[in-house]
Amino acid sequence: MAHSSVSAFSTAPNLKRVGTHNGSFHCDEALGCFMIRLTDKFREAQIVRTRDQQVLESLDAVLDVGGVYDPSRDRYDHHQKGFSEVFGHGFTTKLSSAGLVYKIGLTLKHFGMEIIAKELQLDQGHPDVHRLFLAVYKSFMEAVDAIDNGINRYDTDQPPRYVNNTHLSSRVGKLNLDWMDPDQSSEKENEAFTRAMNLTGKMNVRFHVKSWLPARSIVAECLEARKDIHPSGEIMALNIFCPWKLHLFELEEEMKIDPSIKYVLYQDDRSKHWRVQAVSISPDKFESRKPLPSQWRGLRDDELSTVAGIPGCVFVHMSGFIGGNQSYQGALSMAKDALKLL
């Protein structure tokens with residue numbers, strides 16, 4: 001998404017004023033403030049960070065503070081008792097302030113569709129706008145909502161196997177002033193919040209517009225042609241490499257693909273070799289639907305070619321999730337034989 005040319009804390013006259021709380025900040029209000037400043041109504045609005053209720057009541061919009069959710073007055077808090085807003089469209093995660101700014105209610109239009117339509121340069125009624133609106137929530141916004149509301153990814157009492165502090169919410173949190181920093185002024189804090197806003201904006205819609213949506217069309221076309229690759233319909237070949245995994249799962253469901261795709265072939269842009277990748281059982285799992293054969297795993301080059309009986313083999317990963325061959329025909333032969341082997 002494009003960055004605003006006016007400072008978020010500008011005091012220029014005639015600008016709308018958007019409020020959020022001061023003190024430690026989180027990903028949801030940083031992202032919410034970034035998004036709302038992209039809209040026509042609040043373009044380049046001044047950000048006011050305070051918990052003073054009288055000041056908040058005087059502002060044009062308020063995010064993540066104030067104890068009120070009322071889109072008719074542009075109030076977007078989610079901390080108050082009884083709040084239970086969700087995105088809808090099959091999603092059940094309780095919204096944060098970012099999700100509230102983004103979503104569309106039953107009667108009142110929020111801002112996500114407007115932002116996406118601008119990026120695509122399409123009317124808000126275009127089907128690609130709606131498709132991207134849902135995709136951005138699913139792959140980006142929902143995690144921000146869930147983390148801010150303390151919702152675990154898994155329904156289990158078991159501790160996680162490892163700690164993940166690399167996600168966007170964690171990265172935003174690390175932009176807060178360090179407790180050992182001698183300068184704890186509001187000016188310094190606002191500078192840090194501006195960096196947080198810009199970080200969240202870089203991670204948002206533009207990737208989906210420039211990369212995700214064009215890739216979906218490529219995957220759909222290649223999926224339609226799967227039986228031209230192999231009569232089983234279980235091997236798909238990409239005519240150009242693109243991000244394919246999430247699209248494949250969604251399109252298989254939409255197109256009612258049965259049997260499911262087991263292997264995807266694509267060319268590596270650097271080496272010009274071909275890859276044969278086993279499709280995982282779900283987008284967030286490492287296990288494959290049908291890993292490459294165990295007798296190939298961990299082998300390379302001539303040894304692998306001899307064992308597999310296929311010229312030009314380059315490697316097969318120890319887990320069996322991916323392998324390589326010097327040619328397309330070689331990679332296709334590996335996929336074909338893998339379908340028949342245990």
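User: Over how many bridges do strand E1 (residues 17–20) and E2 pair in the parallel sense?
Analyst: The model is predicted: local features need pLDDT of at least 70, side-chain atom pairs pLDDT 80 or more, while totals for chains, interfaces and linings use all residues. Numbering runs from 1 along each chain as its sequence is written, and side-chain values use heavy atoms, without hydrogens and water. Strands (E, at least two residues) and helices (H or I, at least four) are DSSP runs numbered from the N terminus, and strands pair when DSSP finds at least two bridges between them. For E1 and E2, the number of bridges is four.

User: Which residue in E2 is the bridge partner of Val 18?
Analyst: E1 covers residues 17–20 and pairs with E2. Strand E2 spans 46–49. The partner of Val 18 there is Ile 47.

User: Which strands stand at the edges of the sheet?
Analyst: The sheet is open, with five strands in the order E2-E1-E3-E5-E4 and mixed pairing. Each edge strand has a single partner, so one of its sides lacks a neighbour in the sheet. The edge strands are E2 (46–49) and E4 (69–70).

User: Which strands does H7 touch?
Analyst: Contact means heavy atoms within 4.5 Å. H1 lies across E1, E2, E3 and E5 (75–76). H7 also packs on the sheet, touching E1 and E2.

User: Which element gives the most residues to the largest nonpolar core?
Analyst: Such a core joins buried Ala, Val, Leu, Ile, Met, Phe, Trp, Tyr and Cys through side-chain atoms within 4.5 Å. The largest has 51 residues, and Ile 36, Tyr 102, Ile 116 and Met 141 have the most contacts inside it. Elements giving two or more residues include H1 (27–36), E3 (61–63), H5 (127–148) and H8 (205–224). With nine residues, the top contributor is H5.

User: How many residues has the other core, which includes Leu 265 and Leu 339?
Analyst: In the largest core, Tyr 102 touches Phe 87, Ile 116, Leu 132, Val 136 and Met 141, among others. Another core lies apart from it, with Leu 292 and Leu 299 also among its members. The count for this other core is 21 residues.

User: Is Glu 250 buried or exposed?
Analyst: A salt bridge puts a Lys or Arg side-chain nitrogen within 4 Å of an Asp or Glu carboxyl oxygen. Lys 138 and Glu 250 form one at 3.2 Å, linking H5 to H10 (residues 245–255) across 112 residues. Buried means under 20% relative accessible area, exposed over 50% and partly exposed in between (1.4 Å probe, protein chains only). Lys 138, at 43%, is partly exposed, whereas Glu 250, at 15%, is buried.

User: In which helices do Arg 216 and Glu 254 lie?
Analyst: Their side chains form a salt bridge, with N to O at 2.8 Å. The pair ties together parts that are 38 residues apart in sequence, because Arg 216 and Glu 254 lie in H8 and H10.

User: Which residues join Asp 40 in one salt-bridge network?
Analyst: The model has 14 salt bridges. One of them pairs Asp 268 with Arg 275 at 3.5 Å, and both residues are buried. Elsewhere, bridges that share partners join Asp 40 with Glu 114 and Lys 118.

User: What is the relative accessibility of Lys 262?
Analyst: Lys 262 sits in the loop between H10 and strand E9 (263–267). Beyond four places in sequence, its contacts include Glu 234, Gln 277, Arg 289 and Leu 339. Lys 262 counts as buried, with a relative accessibility of 13%.

Conventions. Axes are lines fitted to C-alpha atoms, for helices over the stretch in contact, and angles run from 0 to 180 degrees between N-to-C directions.
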